[in-house]
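Visitor: Hi, I have just opened this one and would like a patient walk through it. Could we take it piece by piece?

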There are 2 protein chains.
Amino acid sequence: MIYDATVPLRPELPTYPGERGARLELVKALARGDKADVRELTLGIHTGTHVDAPAHFIAGGKTVEALPLEVLVGPCRVVDVEAAPHCTAAALEAAVGRDVPERLLLRTRNSTGPAPVWASPQFETGFAAIAHDGAQWLVERGVKLVGVDYLSIEPFEAPEPLTHRILLGAGVVAIEGLDLRAVPAGAYRLHCLPIPLVGAEGAPARVLLETRWRLRFW
Amino acid sequence: MIYDATVPLRPELPTYPGERGARLELVKALARGDKADVRELTLGIHTGTHVDAPAHFIAGGKTVEALPLEVLVGPCRVVDVEAAPHCTAAALEAAVGRDVPERLLLRTRNSTGPAPVWASPQFETGFAAIAHDGAQWLVERGVKLVGVDYLSIEPFEAPEPLTHRILLGAGVVAIEGLDLRAVPAGAYRLHCLPIPLVGAEGAPARVLLETRWRLRFW
C-alpha cells in the first residue's frame, strides 16, 4: 500500500507569510478553440510539500538537484511525537527511542490534534516545529533526512532560524509541508522526489510512503 | 540500483516551440544580507521531464493530480525500438513482442543514435516520436503508461495531433522528456512522481527507474 503525503497544490493553499503560492495560467485552451490546454506555473519554491536543501540557509551549501537519491529514497520511520509546543530533544528521545533511523518523519499535534493545521483555510502560526535542542538531537544521532507535518521545521516565533541552521548546516535534508493526517506511525519506504531545479535552494516534491508488509521483488 | 531518467531543469534547457522554460528568480539572498536564499519558479508545464494527463487534449479528461499512483508506480519495461523516423506499430511489435507491459518506456535513436537529441543545446525538430498507428497499437494492447525520450509523443511534422488524441483519449498516461541515454533496456520498477497541480493538464515529474536484481523487503 502507498500513502501520498503530498499536499495538492491549489491557488488557495495556505502559505508561509511572504511565500508566493501556486498559480496556474491557461495560455492555450481547448474551450477557446486551441488544439490543447496548456498552462504555465508560477510557484514560490517553499509552497506546499517541498524539500529544503542546505543552500537555503548555508552559503555554498548543496542545491536541490544535487541531493543524493540514496537519502531521498529508502527505509523511513513515521513517529508520533509530543510537540508542546515544539519537538524538543526530550520529546524526540521519548518518541524515537534508541534505534534512530536515518530518515524520520515527525507526526505532531499539527496532524493529530483537535484542529489539524492543514484543515484550516489560512496559514496557522501556532504550528508545531522542531525546537533548537531537537534539531541538535537529530544531528547528533545521525539523522540524514527529517520531515515535518506543516510548513516549516522552525518554530514560528524563533527570533533566529537556528533549527534551519543546525539541520541544514549539518547537511540534513528537510521535508516541509507533509500531510501526515492519514499516515499511521510506523515503518515505511520513503519516496521523496523533488523536481531537479538546478541551483535552487529547494524544490516542490511528491512524497510517497510505502508500507512494508509484503515481500516484493523490487 | 536507481537510474534517474529526469532532465535537470535549467533556464537554457531546450523547450518545445512556444513552451516557456524554467526560470528561477532569487527573491531573498544570503549574499544580500537576507537570512536565507529564496527563489520563485516560473515554468511552462511541458518543459523538461513531465507527465501529460488526458485533460491536455481531451475536454473533461483527467487532470494530473487525479492520475492513480497504481499507474505511476510499478513494474515497467524499457525497450530499444527502431524509430525510422517514428515508432510505428510494426516497430513496436518487433521491439516489445507479445508480452506487452502496462508501463512501457521507448528508447529510440533520440538516445542511442550518433547525435542524441538531449546533447544538443537547441530544440531538435527531427526527433523520433510515436506514429499514429503506433499509438493505436499501444492502446489496443492495454498499455496504461508510455514514456518517450524527447519532448513530445507526437511527430513534429504531424498536421493534426492524432498520437496525443489516441493515447490521451484512451486514458493512457504519457511521460515526455525522459533522458534514457544511460538507461539500458530491461525490466525496472518505475517511480514517476508528478507534482500534484490541481486542475492542470500535466506537471513536471521526477522519474526514477529501479533495477530488480535483488530481493527486497519493500
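Visitor: How many bridges join β5(A) to β6(A), and do they run parallel or antiparallel?
Guide: In this predicted model, strand β5 (residues 73-80) of chain A is joined by four bridges to strand β6 (residues 103-107) of chain A, and the two run parallel. Two strands pair if DSSP finds at least two bridges between them, while strands (E, at least two residues) and helices (H or I, at least four) are DSSP runs numbered from the N terminus.

Visitor: Which residue in β6(A) is the bridge partner of A:Val78?
Guide: That partner is A:Leu105. Between the two strands the chain passes through helix α2 (residues 89-96) of chain A, and this β-α-β crossover is right-handed, a term used if, with the strands pointing away from the viewer, the path from the first strand over the helix to the second runs clockwise.

Visitor: And what about β5(A) and β9(A), how many bridges there?
Guide: Six bridges join β5(A) to strand β9 (residues 186-194) of chain A, and these two run antiparallel; A:Val73, for instance, has A:His191 in β9(A) as its bridge partner.

Visitor: How are residues and chains labelled, and what should I know about the model?
Guide: Residues are numbered from 1 along each chain as its sequence is written, and chains are lettered from A and ligands numbered from 1 in the order in which they are written. Since the model is predicted, local features need pLDDT of at least 70 and side-chain atom pairs count only at pLDDT 80 or more, whereas totals for chains, interfaces and linings use all residues.

Visitor: Changing topic, how many residues of chain B are in contact with chain A?
Guide: There are 50 residues of chain B in contact with 50 residues of chain A, where contact means that the C-beta atoms, placed from the backbone, lie within 7 Å. On the chain B side, the largest share, seven residues, comes from β3(B).

Visitor: What kinds of residues make up that side of chain B?
Guide: They divide into 29 nonpolar, seven polar and 14 charged, with Ala, Val, Leu, Ile, Met, Phe, Trp, Tyr, Cys and Pro counted as nonpolar, Asp, Glu, Lys and Arg as charged, and the others, Gly among them, as polar.

Visitor: What is the order of the strands in the open sheet of four?
Guide: The order is β2(A)-β3(A)-β3(B)-β2(B), with antiparallel pairing, and the edge strands are β2 (22-28) of chain A together with β2 of chain B, each of which pairs on one side only. Strand β3 (residues 38-44) of chain A pairs with β3(B) over five bridges, and A:Leu41 has B:Leu43 as its partner there. Within chain A, six bridges join β2(A) to β3(A), and A:Leu26 is partnered by A:Arg39.

Visitor: What turn lays chain B on chain A?
Guide: A turn of 180°, with a shift of 0.0 Å along the axis, lays chain B on chain A with an RMSD of 0.0 Å, the copies being superposed by least squares on the C-alpha atoms of residues with pLDDT of at least 70 in both. That is the relation of a two-fold axis. In chain B, the C-alpha nearest the axis belongs to B:Thr42, 2.3 Å from it, and the same surface serves both copies, as 100% of the contact residues of chain B recur in chain A.

Notes
Two residues are in contact if their C-beta atoms, placed from the backbone, lie within 7 Å.
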